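User: Hi! I'd like to go through this model with you and ask how each label is justified. Could you show me the structure to begin with?

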Amino acid sequence: MSEAADAQVPGAGRPSAAPTSQFGLLGTRRLAPLFITQFLGAFNDNLFKQAFIVILTFSGLVAIEDTGIYVNLAAGLFILPFFLFSATAGTLADRFEKSRLIRFVKIGEIGVAALAGIALYLESVPALFTVLFLLGVQSTFFGPLKYSILPQHLDSRELVGGNAMVQMGTFVAILLGTIAGGIIGGWEDVSLMLFGFVVAVAVVGYLACRWIPPAQPTKSDNLGWNPAVETWRLIVLAQERKPVFLSILGVSWFWLLGSVVLAQIPALVRDLSGGPYVVTLIMVVFTVAIAIGSLLCEKLSGRRVEVGLVPVGAAGVSLFALDVFFAINAIAAGEAERTVFEFLGTDGVGRLLFDLTMMGIFTGLYVVPLQANIQTRTPNDRRARVIAANNVLNALFMVTGAGFAIGWLVLLDGTIPALIAAMAVINAGVALFIFYQVPEFAMRFLVWAISHTMYRVRHDGLDTIPEKGPAVLVCNHVSYMDACLLAGAVRRPIRFVMHQNIYRLPVLNFIFRTGRTVPILPEKEDPAAYEGAFEDVREGLAAGDLFCIFPEGKLTTDGEVDRFRKGIERMVEETPVPVIPMALRGLWGSFFSREGKGAFRRGPGRFWSRVDIVAGETVAAEAVDADNLRERVLALRGNNR
């Protein structure tokens, strides 16, 4: 890490010349110290928690018939502080310099680790529960700092990758902590070794956090210390923007679902005649899969905050969670405890591990875009508090999940496989509710699906499109899919101006309406609609929107670029904004173009064809000329129609 590079810590509003890849960020001071700090913190939490669960399940400290209650109680107690103290944590994170607060939090972790040694030596279940609660308190104060500092240190184009790395690191830390906790918790003399581990990890985490660059406070008003009042204020604050609040609910549901499933694994493994190491194996599979899904987000989203991946993730989680029910019921219990290799050789285990792997991958695809969406759509001066509100709701959902699991297993005398199946069904209902409330999620899914399944899309020059402020894109018009392809390629939301006949096409109409497309008709056909469209454009540009028009006014019938109408000149004359010429290459002759027999009448032979989306240099408003723009688009397109 060079001093020159580290001296510049761009925020979301100050893009760097070129974004750093998600793995490249680990070579910069902007992410590496924070990554190490949060990694070791998550590792320590799960090291102690998993060792504690294994001790409860297999050591005989509690009656075997009560282990299910104690394990779910431990899961609920660990996240209870998030509900109690997140309001204060978020307010502090916005009010004070963040890197300094992180150092205080890590010093607190060292103190809690020391208390863990005393609790282990005494073999006191209440004392161990107290340590678990205090670890939750420490994590409560670290959470808003971790996620609110990212947009201050990373370029907006790096935010998805940065979130993916943090999410991946969290789950790898969970994995390694779970493995270490499962191994250590199974030893006869566990107290000294576990104490040494948690103290050492806490000390190293503190040393790493001292390298985190400063992040200045974003809020200057007085602090509020009443937890109930401040918590309510956080919830009200989070509800100011509906897409953000629904994203928060989606993330909270993810933690409820994950906590319920993971909490059942020790008892489930015991029911399937497995031992402590088999518990570790199952945890390994699930958490590695979540990490893989998190890392896939940047690749699948093209470094943009792509909420279109959320429906994909939600559907995958429900489908494979349902199959987990059938996979578990197909595995016969053994007469004696099975080793890891014996368990792997049991009929039906391969199917179970595959289902858990796919569940984990789709979970990563589900949660990372939601987390990044919360960060990017929340103003800087309240981001930490909104993230704290997210933590409050996470905690509330997870406590509710623990209560639901206890009620299912104890009061209803239900089985663990049936509990997982019930969670899968509820997950589908929650997802449908969120997508109904915020149609943008479903719209972005359709755009993403079209642009990533029907075509192989390459981009060139899209960095010329401004990340903020009003602008107009002009592009050649080749097929009915043009708008979807452009919307899937450009990081910013685009408002299209298009012919009313295309606007009304089934399925696409939902995309266009949700994206606030402006339908237009030629002035000769409907003067009122024509003038109304220009009025909508003026208002949108004044509000800072990005528009795209197809100046030919219709789809090409021969693959060539027709003359550009003068509407673009009027548009920038009334509202002077920069214009960016763009070209679509490789779409002529595809299923949705008018080549040959016309659109929708050709066979599907051109599916998965290569398409290029190219952007040229920005043209100032005073230099805009329709004929000149056409020449620029022709030059960008070249001979590839």
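User: How many helices and strands are in the protein?

Analyst: The protein has 22 helices and 7 strands. Please keep in mind that this is a predicted model.

User: What share of the protein's residues is buried?

Analyst: Of the 641 residues, 58% are buried. The protein also exposes about 25,700 Å², with 62% of that supplied by carbon and sulfur atoms.

User: Why is Cys-484 called buried?

Analyst: Its relative accessibility is 1%, and the label applies under 20%, so Cys-484 counts as buried. The reasoning for Cys-548 is alike: its relative accessibility is 0%, so Cys-548 counts as buried too.

User: How do you know that Cys-548 has no bond to the closest cysteine sulfur?

Analyst: The closest cysteine sulfur belongs to Cys-475, at 5.9 Å from that of Cys-548. A disulfide needs the two sulfur atoms within 2.5 Å, so this pair is too far for a bond. For the structure as a whole, the disulfide count is 0.

User: What makes β1 and β4 edge strands?

Analyst: Let's start with the sheet: 7 strands form an open sheet, ordered β1-β7-β6-β2-β5-β3-β4, with mixed pairing. At its edges, β1 (455-460) and β4 (518-520) each pair on one side only. On average, neighbouring strands here are turned by 20° against each other, direction ignored.

User: How do you know that β6 and β7 pair, and in which sense?

Analyst: Pairing takes at least two bridges, and 4 bridges link β6 (residues 579-585) with β7 (residues 609-615), in the antiparallel sense. One of the bridge partners in β7 is Val-614, matched with Ala-583, while Met-582 stands opposite Ala-615 in β7.

User: And what joins β1 to β7?

Analyst: There are 6 bridges between β1 and β7, and these two strands run parallel. Within β7, Asp-612 is the residue opposite Arg-458. In general, strands of a sheet pair through backbone hydrogen bonds, either parallel or antiparallel.

User: What makes β7 mostly covered?

Analyst: Of the 7 residues in β7, 6 are buried. Helix α22 (residues 626-637) lies across β2, β6 and β7, and runs at about 40° to β6.

User: Which residues of the largest nonpolar core touch the most other members?

Analyst: They are Phe-48, Ile-102, Leu-150, Leu-194, Leu-356, Met-359 and Tyr-366, in a core of 140 residues. Helix α9 (residues 242-271) gives this core its largest share, 16 residues. Another core, of 43 residues, lies apart from it, and Ile-465, Leu-486, Ala-487 and Ile-502 are among its members.

User: What does Leu-150 touch, not counting residues up to four places away in sequence?

Analyst: Leu-150 touches Leu-31, Leu-34, Leu-159, Asn-163, Val-166 and Gln-375.

User: Why is Asn-44 called buried?

Analyst: Asn-44 is found in helix α2 (residues 32-58). The cut-off is under 20%, and Asn-44 has 2% relative accessibility, so the buried label holds. Leaving aside neighbours within four places in sequence, Asn-44 is in contact with Glu-109, Phe-197, Val-198, Val-201 and Ala-202.

User: One more: what share of the contacts between residues at least 6 apart in sequence joins residues at least 24 apart?

Analyst: Among those contacts in the protein, 83% join residues at least 24 apart.

Conventions: Residues are numbered from 1 along each chain as its sequence is written. This is a predicted model: local features need pLDDT of at least 70, side-chain atom pairs count only at pLDDT 80 or more; totals for chains, interfaces and linings use all residues. Side-chain values use heavy atoms; hydrogens and water are left out. Buried means under 20% relative accessible area, exposed over 50%, partly exposed in between (1.4 Å probe, protein chains only). Contact means heavy atoms within 4.5 Å. Accessible areas come from the Shrake-Rupley method with a 1.4 Å probe; for residues, only the protein chains shown count as cover. Axes are lines fitted to C-alpha atoms, for helices over the stretch in contact, and angles run from 0 to 180 degrees between N-to-C directions. A nonpolar core is a set of buried Ala, Val, Leu, Ile, Met, Phe, Trp, Tyr and Cys residues joined through side-chain atoms within 4.5 Å.
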